[in-house]
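The exercises below ask the reader to work through one structure region by region, and each is followed by a worked solution. Please keep the model at hand while reading.

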Amino acid sequence: MNKSQFPVDFAWGAATSAYQVEGAAFADGKGPSIWDSFSHTPGKTDGGDHGDIACDHYHRLETDLDLIAELGLNAYRFSISWPRVQPDGKGKWNQSGLDFYDRLIDGLLKRGIAPHVTLYHWDLPQALQDDGGWNNRATCYRFAEYACKLAEHFGDRVAAIATHNEPFVASMLGNLFGIHAPGNNDPQLASQVAHHLLLSHGLAVQSMRKVTQVPLGIVLNLSPCTAATASLGDQQDAKRRFDFVGRFFLDPLLRGAYPESELLVPLPQMEAGDLELIRLPIDFLGINYYFREWCSTDTPPIPAPCLQGVSEMGWEVYPEGLYELLTQLERDYELPPVYISENGMACADTVSADGAIHDPRRIAYIEQHLDALSRAMGEGVSVRGYFHWSLMDNFEWAKGYSMRFGLIHIDYQTQQRTFKDSALWYRDYIQRERFGAKQKEAML
Ligand code: FCB
């Protein structure tokens, strides 16, 4: 009996980002990024952790590619480190950096794995930050040049290009809450950065369309926002929160306007034509889903009995939220095809006496989220793929190495890689689904 829910060409993947896994932070001509500076500033990350070595993926590329293939993944999402390929973010290109990504892309293709590229996962060249970073409109034009160069370089070899990862997090955690690089606390600045990230996305789409046919999109972090009680105050709070986290990015991208609501930040300064650029058609929307947000005007906002269990990050595990979110977006927007570009949980994983890493909670997490996803697809949401966060344990930003999100366990002393139980489970799940989907197709 064939129960497969997912189409035959569904992308089964896992995701990483450059700064979190590559290491080699100052090797072979790479320039410093804002995350190199931030993580080396005392007090900014747990334990003073930084990405100098991380998973040493830069030097262990072939091993890691083999592991991806062993998992039976047919897609892999990774990001390009801008300062590795263009150390100052403008001018000169770094050939060794381009070579590294060529080896990565060609190595994936050789193994039958589709490369899904993200151009910006938060590691802005420090040289651009010194000129004002994303607060400076000129950075948007530098980003479009960088995007165009890369699209020219490998646009014929990759499956998809996303411009930005989570502009909400990059702008707000970096510039309003100050807990990510570059570490500012300024509402006006944060809003301007958000606008410039979106504008740079539009300019990049415009420039890349001229040189490649590859599907182009952007990745947003989205959460359903749930009122803690039926009170008017809590309902309004939930709406305000979604306006800020979701609509502040979705509306300009998909409707060409910022929401008219009271946000945590003022509206940015814009120039004529900006919104037209931001709303240029995209071929896909990447959605990173981790948790729902409970909203209330009271503190504490989360009624404890409501929580279904939390991860090590303190994030609620709520698979149904993925279904709620996708069906809500489908109702409210003209949605392009969607990828779930990240979804996963941090667990307190340990290596057992038998040498294995038993992570039953992660297995349940993936299974339940895939179930919610297939139900949303059954109701008409067009989803092209699922990327688990993450392929391997890595540098979790301000939390350093204390959070383990990987399917693959990393021993940071020895750099030994070990499949967790969840990796083997995910491998078998994918194999069953792909086999079932092929059988189903053959029967039609
Ligand atoms: C997302 C980031 C990703 C990772 C996960 C846990 O916000 O895109 O790099 O840190 O959270």
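**Exercise 1.** With which residues is Ser-390 in contact, leaving aside its neighbours within four places in sequence?

*Solution.* Leaving those neighbours aside, and taking contact to mean heavy atoms within 4.5 Å, one finds Ser-390 in contact with Ala-15, Thr-16, Phe-405, Gly-406 and Leu-407. Before going further, note that this is a predicted model, in which local features need pLDDT of at least 70 and side-chain atom pairs count only at pLDDT 80 or more, while totals for chains, interfaces and linings use all residues. Residues are numbered from 1 along each chain as its sequence is written, and side-chain values use heavy atoms, with hydrogens and water left out.

The next step is to place Ser-390, which sits in the loop between strand 10 (383-389) and strand 11 (408-411); helices (H or I, at least four residues) and strands (E, at least two) are DSSP runs, numbered from the N terminus. Because its relative accessibility is 0%, Ser-390 counts as buried, a term that means under 20% relative accessible area, with exposed meaning over 50% and partly exposed in between (1.4 Å probe, protein chains only).

**Exercise 2.** Find the cis peptide bonds at Pro-182 and Ser-390, and then examine phi at Ala-54 and Trp-397.

*Solution.* As background, most residues other than glycine have a negative phi, and most peptide bonds are trans. The bond that joins Ala-181 and Pro-182 is cis, with omega about 5°, and Pro-182 belongs to the loop between helix 8 (167-175) and helix 9 (187-209). The peptide bond from Trp-389 to Ser-390 is also cis, and its omega is near 10°.

Turning to phi, Ala-54 has a positive value near 45° although it is not glycine; this residue lies in the loop between helix 2 (34-39) and helix 3 (61-70), and it counts as buried because its relative accessibility is 4%. Trp-397, likewise a residue other than glycine, has a positive phi near 50°. Its place is in the loop between strand 10 and strand 11, and Trp-397 is buried, with a relative accessible area of 3%.

**Exercise 3.** Which elements do the buried residues of helix 5 pack against?

*Solution.* Begin with the geometry: helix 5 covers residues 95-110, which is 16 residues, and from its first C-alpha to its last it reaches 22 Å, close to the 22 Å expected at 1.5 Å a residue (the expected span being 1.5 Å times one less than the number of residues). Next, identify the buried residues of this helix, among them Gly-97, Leu-98, Phe-100, Tyr-101 and Asp-102. The buried residues of helix 5 pack against helix 1 (18-21), helix 3, strand 2 (75-79), helix 4 (82-85), strand 3 (114-120) and helix 7 (138-154). Finally, helix 5 is followed by Gly-112, whose phi is positive, near 75°.

**Exercise 4.** Why is strand 10 described as largely enclosed by the rest of the structure, and with which strands does it pair in the parallel sense?

*Solution.* Of the 7 residues of strand 10, 6 are buried, so the strand is largely enclosed by the rest of the structure. For the pairing, where two strands pair if DSSP finds at least two bridges between them, strand 1 (residues 11-15) runs parallel to strand 10 over 5 bridges, and Gly-13 stands opposite Phe-387 in strand 10. Strand 9 (residues 338-342) also pairs with strand 10 in the parallel sense, over 3 bridges, with Val-338 having Val-383 as its bridge partner. The chain crosses from strand 9 through helix 13 (residues 360-378) to strand 10 in a right-handed β-α-β crossover; right-handed means that, with the strands pointing away from the viewer, the path from the first strand over the helix to the second runs clockwise.

**Exercise 5.** Which residues surround the ligand, and how far from its oxygen atoms are the polar side-chain atoms of His-121, Asn-165 and Glu-166?

*Solution.* Counting residues with a heavy atom within 4 Å, the surroundings of the ligand consist of Gln-20, His-121, Trp-122, Asn-165, Glu-166, Asn-288, Tyr-290, Glu-342, Trp-389, Glu-396, Trp-397 and Phe-405. A polar side-chain atom of His-121 lies 2.8 Å from an oxygen atom of the ligand. For Asn-165 the corresponding distance is 2.9 Å, and for Glu-166 it is 2.6 Å.

Technical notes:
Polar contact = N/O pair within 3.5 Å; in protein donor to acceptor, adjacent residues only side chain to side chain.
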